[in-house]
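This report describes selected features of a two-chain model. Please consult the sequence and the structure shown here while reading.

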Amino acid sequence: MMFLVHVPFTASSIGGDLGRADYSYYFVMRSYLPVLETLGTVREIADPQSEADQWHRRAVADGEYCVLLCFAPPHRVPVGLACPVVPVIAWEYDSLPDTPWAGRRGTDWLRVLAILGSTITHSGFTARVVREAIRPDYPVVSVPAPVWDRFAPLAERRCAPGTSGAERGVSLAGTLMDSRSCDFAADAEALLAGHPPQSQRLVLDGVVYTAVFCPLDGRKNWEDLLTAFCWAFRDEADCTLVMKLVHHDRDEAVREVLAELRRLPPVAARIVLLHAYLDDAQYENLLCATDFAVNSSLGEGQCLPLMEYMSAGVPAIAPAHTAMLDYLDAASGFPVRAHQELYHWPEDMGLILRTRRFRPEWEGLRQAYERSRALRLGDPQAYARMSAAAQENLRRYCSQAVAHDRLVAFFSAHEAAGAAARRDTPPPAMEASTCCGD
Amino acid sequence: MKRPLHFLFWSRINAGNIRESLGAPEYSYYFLLKEFRPAFERLGQVSVLDDPAQADARHDEAVARGEDCVLIAFTAPQNLPQPARCPVIPLFAWEFERIPDEAWGGNPRNDWRVALGGVAGAITLSEHALEAVRRALGPRLPLLAVPVPLWERMESVRGAGDEAGHTVTLGVDGAVLDTRDFEAGPERLRCARPLAAYALELWDGRAHALDFRLHAPDTGALLGFYRPEPWGAWSRNDEVWIALPWLLHGEVELELVVRAYGRNQGRALMAGLGDAYRVLRIGGGEESHTLRFSLDHPARMLHIAGIDPRPVPGAREERSIGFGITGLAVRATVVPIARDTLRLELHAESPHSVLLQEFWAPEGWGAWSASSAPWLMLPRPVAGRVRVQIEALGHGRNAVTPLGVYLGGARHTFVPGAGLQWHTLEFDLAEPAQVLGFTGVQPEPAGAAGDMRMLGVGLRSVTLEELSEGVLAESDDGSVGGSGDECAEEAALVAWPHTTVAAHVRQRLVLDGTVYTSVLNPLDDRKNWELLVSAFCTAFAGREGVTLVLKMTQRLQRSYLFEMHRLLQCLPRFACRVVVVHGFLDEADYGELMRRTDFYVNVSKAEGLCIPLMEFMSCGRPALAPRHTSMLDYLNDRNSIAIDATTEPCIWPHDERAVLRTLQYRVSWESVVDALRHSFTLRHENPGTYRGMCEAAAGTMRGYCGIERVAGELGRLLAGTSRMHAATPSIADATAGGGTR
């Protein structure tokens, strides 16, 4: 098999775009590569319009299956290539855009996915949304980014004896604002100036909750996880919330969070704001220092931070909707009930309320915080069981082995369907004169 | 021997200053004072203080007469007066689980523990609020939770029976925005009846301006625009309207501050007012354009058409913007000085026939009314004492039944008769008027072969003559006014009040099918009205014959209209009906609305006391509502359908720091949709259960807010407030028995 892979963003543009929603597509493509490489040859191509068909012709001449995987939303996927194209899409809403907007037919995702013929996505939720939109037997498979294998080994490190309540340190180069040493109600500009990016060490103790998010992304609804933490632990000094902000502009990100922090009542618990690029080792240190991962978003295509943390055995507090339905249950963490509300597709400039997103119960988040702390401090064995369950759930969700099996089945079926279509379709008159090979 | 009780009542808003206070935070306290008065009058004498500084003197006088005296202050605790001798008992509303227990802004009395430090007791409107006070102030302060005693005053509505399933017609003095009158969709928003939908004011002929920048209240006048930005608002459709608040007339100049985007720069757009259109060509930046119109009949909708909404290829801007507006100003180009008698001919050939509203197309002899509340605009406002002569006849019953006729805010009745005849009426106008209308018309079939119309009253002509002395008369030399030196500008309309003058159009609202009602102030974010509308239009998207009536208790319609327009364009198509009532219903019509309502709906995040909910339940209307805050005192599974709501953090509403200190409730949109659908099924498939809910609603209210119970509870509180008069424990003796908390 030959896999052409394309993502409209490259490593060179990523540095500046850290935190933009599209960054995820690049990351997912990278995580697929090891699995694809076990199935066939992989070529990253920069311009599908000019390159894909050449490779496809060569492969066909060699009798080889060739497919272009586009890691991008459907309106950025080329339609009309001779090479079969399979889009790999992330989507967290409960319906697909199905109308062209402002004359751009690509925004009718229903049409694009139907024409392309099959789709790969990252959750059972999204696969269901696609099937409901197109038809019940439409070929769509959920293959989340296979991150489990990289993070699962960290579970042993986390379970080393004596970690509960003990000090854990994370070295980093970046900005750190800590409620133990910093008054969040002070002037934001003064705080920014007084906390320049620098090499430093974050020492964590007590029960540590970590949330990784872009504060300018409205879908993350991070205010809920912050305020619920404050209400749950108003009088508990042994809890810490680490908010790792992911956004290219430090000042913009920190200002956004400070605006909410200054509205909070005084609390005994500790709040840490972190804005830093962490290398792999530093990122793992933070993960290993964490007792619970927290998320309060309104919808997730898969949620890479939760997947990474839970793969390493960190139980999660997160809403029971969209992708989390696949891997978070009461055995592996604290799922929080969520309620539907009307919303519009992000690309819909008309802001028409044609879809739903899912708002978690704030009260549920608060209770989850309280119960998780009690569990961590009061029942280490139950915590260990929860940790193991998290790791196992994520293995079933996003290990390379599972990805491999699903992709094999998917591509075999795709190849067979393509061959059948070619048999049933009379060759166009032009084909004889088309150049084969280079 | 029991000493008589003397209550001094005080609230910051009183009968003297209420007109200026509409919508102010303490506005509803004035109504609380009036509602509680009968209950307190069962316990003693009530007198109302204008000035709390009088409390001590009045207290001393009462004590000298051998009475016990207490000041009942209807106000939030931080505003409590602090008399030296007169005991004070505040009566206040509070929605949250925590009372303010911090000082801010340099005012120690913002901390209610301080403000309530010297009171003899406190009355809240709910157990929820009582518990919040108790938690902060401890067990010793006498506290009482008691609702407004409104059960008895709803008797006239209850007694009139219920209108279940019938079609009723209500009269509204103001505006009725009915989604059935709109063509709405992603690229289109057009109102077919703007004179009914948008509150109308008279134009005084002077200069006025509207501001369409972010947060300006005038943005509500925009139809078909994107959300305003700091500079103004962009259009989103190929044609847009601005619903001017005034009925413009005569020679008018509009100055528009505008800009254009993309292909619309240099493009010939059309700007219209009434029937007159002008070309509007806008260049590359922000520009001011002045358009002059000669209106042959009054108009209020500014129409901009011919916009190209297509995005520019390759541009970052992906919205369908085209025409942008920052603001507009209106001026008269010629100030009318003639005060001639208005003579209006209303037959087909006459230009005045365009003034008719809710009439069939005029015929050779005149025009027949089409609805139960037909009206006509006058070409210009009239003022003072006005003699009106109407040449009219009535069809069917209308010939012999008295019809209501109004000129602005003044009313008369007359009997039209079966043949055309003149009727003369004199109206004394407290403020200018520009609308002459009829109420109580009963449309009947025309009766002639091939004529499917429903007819009521027929008009042929109307004359209006202003008789007031204050009207300037023309002198022989053609100059105007008592002195020949007066310039034309001073010959403006007389007796024009400082505030805006409503047109007083009497709209009709026909209700049939299944009716849900909610009464709320749209500016109070806690009322959550947008969630109610979107949930309703989702729950019944495919169902006709179901209506949501939203009665808005807010003076300025423009303050919430933008959101209403946005919902109309952004909600997926719906078959159900939403009617937004902005105006005044008299007692009879409000009672009709109550009797016709199938369910009252509340989706609030918090309630201190929801009086409309209690009124409707007192008339046997079951509720859909969340079970939280004050509503926990009376909602249960027998009298209501529950909507899910769980807590979320919020601010104390009057805390300027806007910091999160307490909790309100996050209402589940999904649960509102489910509850609405469930209620509809119950109403139509389980009439017995529904009837049981109606009875339970009334039964609960009878036990909860009857005046005897409320007065009894008040009495018990007063007995327990032994601080009232240390020297005479007789009150405690006489009414001992029911302990306070």
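How many bridges join E3(A) to strand E4 (residues 85-87) of chain A? The number is 3, and the two strands run parallel. Strands pair if DSSP finds at least two bridges between them; strands (E, at least two residues) and helices (H or I, at least four) are DSSP runs numbered from the N terminus.

The model is predicted: local features need pLDDT of at least 70 and side-chain atom pairs count only at pLDDT 80 or more, while totals for chains, interfaces and linings use all residues. Residues are numbered from 1 along each chain as its sequence is written, and chains are lettered from A and ligands numbered from 1 in the order in which they are written.

**Strand E3 of chain A**

Strand E3(A) covers residues 66-70, and because 5 of its 5 residues are buried, it is largely enclosed by the rest of the structure. A residue is buried if 20 or more other C-beta atoms lie within 10 Å of its own, exposed if 12 or fewer, and partly exposed in between, with C-beta atoms placed from the backbone. A:Cys66, A:Leu68 and A:Cys70 point one way from E3(A), whereas A:Val67 and A:Leu69 point the other way. Strand E1 (residues 2-6) of chain A also pairs with E3(A), in the parallel sense and over 5 bridges. In that pairing A:Leu4 stands opposite A:Leu68. In E4(A), A:Pro87 is the bridge partner of A:Cys70.

**Helix H14 and confidence in chain A**

Helix H14 of chain A spans residues 362-378, 17 residues in total. From first C-alpha to last it reaches 24 Å, close to the 24 Å expected at 1.5 Å a residue; the expected span is 1.5 Å times one less than the number of residues. Its buried residues include A:Trp362, A:Leu365 and A:Tyr369, and also A:Arg366, A:Arg373 and A:Arg376.

The average pLDDT of chain A is 91, and 91% of the residues score at least 70; pLDDT is the predictor's confidence in each residue, from 0 to 100. Two segments of chain A fall under 50. Over residues 14-19, pLDDT stays under 50 and the model has 16 contacts beyond four places in sequence. Residues 430-438 likewise stay under 50, with 5 such contacts. Two residues are in contact if their C-beta atoms, placed from the backbone, lie within 7 Å. Where pLDDT is low, the predicted coordinates should not be read in detail.

**Strand E36 of chain B**

In chain B, strand E36 (residues 623-626) has B:Ala623 and B:Ala625 pointing one way and B:Leu624 and B:Pro626 the other, and all are buried. Strand E35 (residues 599-601) of chain B pairs with E36(B) in the parallel sense over 2 bridges, and B:Tyr600 stands opposite B:Ala623. With helix H10 (residues 611-618) of chain B, the strands E35(B) and E36(B) make a right-handed β-α-β unit; right-handed means that, with the strands pointing away from the viewer, the path from the first strand over the helix to the second runs clockwise. E36(B) is also joined by 4 bridges to strand E37 (residues 640-643) of chain B, which runs parallel to it. There B:Leu624 stands opposite B:Ile641.

**Loop residues**

The table places four loop residues by their flanking elements and their C-beta neighbours.

| Residue | Loop between | Other C-beta atoms within 10 Å |
|---|---|---|
| A:Cys214 | E8 (198-213) and H9 (222-232) of chain A | 20, buried |
| B:Pro351 | E19 (342-345) and E20 (356-357) of chain B | 11, exposed |
| B:His504 | E30 (457-466) and E31 (506-511) of chain B | 23, buried |
| B:Thr629 | E36 and E37 of chain B | 28, buried |

Positive phi values occur at B:His504, about 60 degrees although it is not a glycine, and at B:Thr629, near 45 degrees. The C-alpha atoms of A:Cys214 and A:Leu245 are separated by 5.6 Å, at 31 residues apart along the chain. B:Pro351 and B:Asp296 are 55 residues apart in sequence and 8.1 Å apart in space, C-alpha to C-alpha.

**The contact between the chains**

Chain B contributes 24 residues to the contact and chain A contributes 20 residues. On the side of chain B that touches chain A, the elements giving two or more residues are helix H7 (529-539), strand E38 (645-651), strand E39 (660-667) and helix H11 (669-685). E38(B) gives the most, with 4 residues. The residues on this side of chain B divide into 10 nonpolar, 7 polar and 7 charged; Ala, Val, Leu, Ile, Met, Phe, Trp, Tyr, Cys and Pro count as nonpolar, Asp, Glu, Lys and Arg as charged, and the others, Gly among them, as polar.
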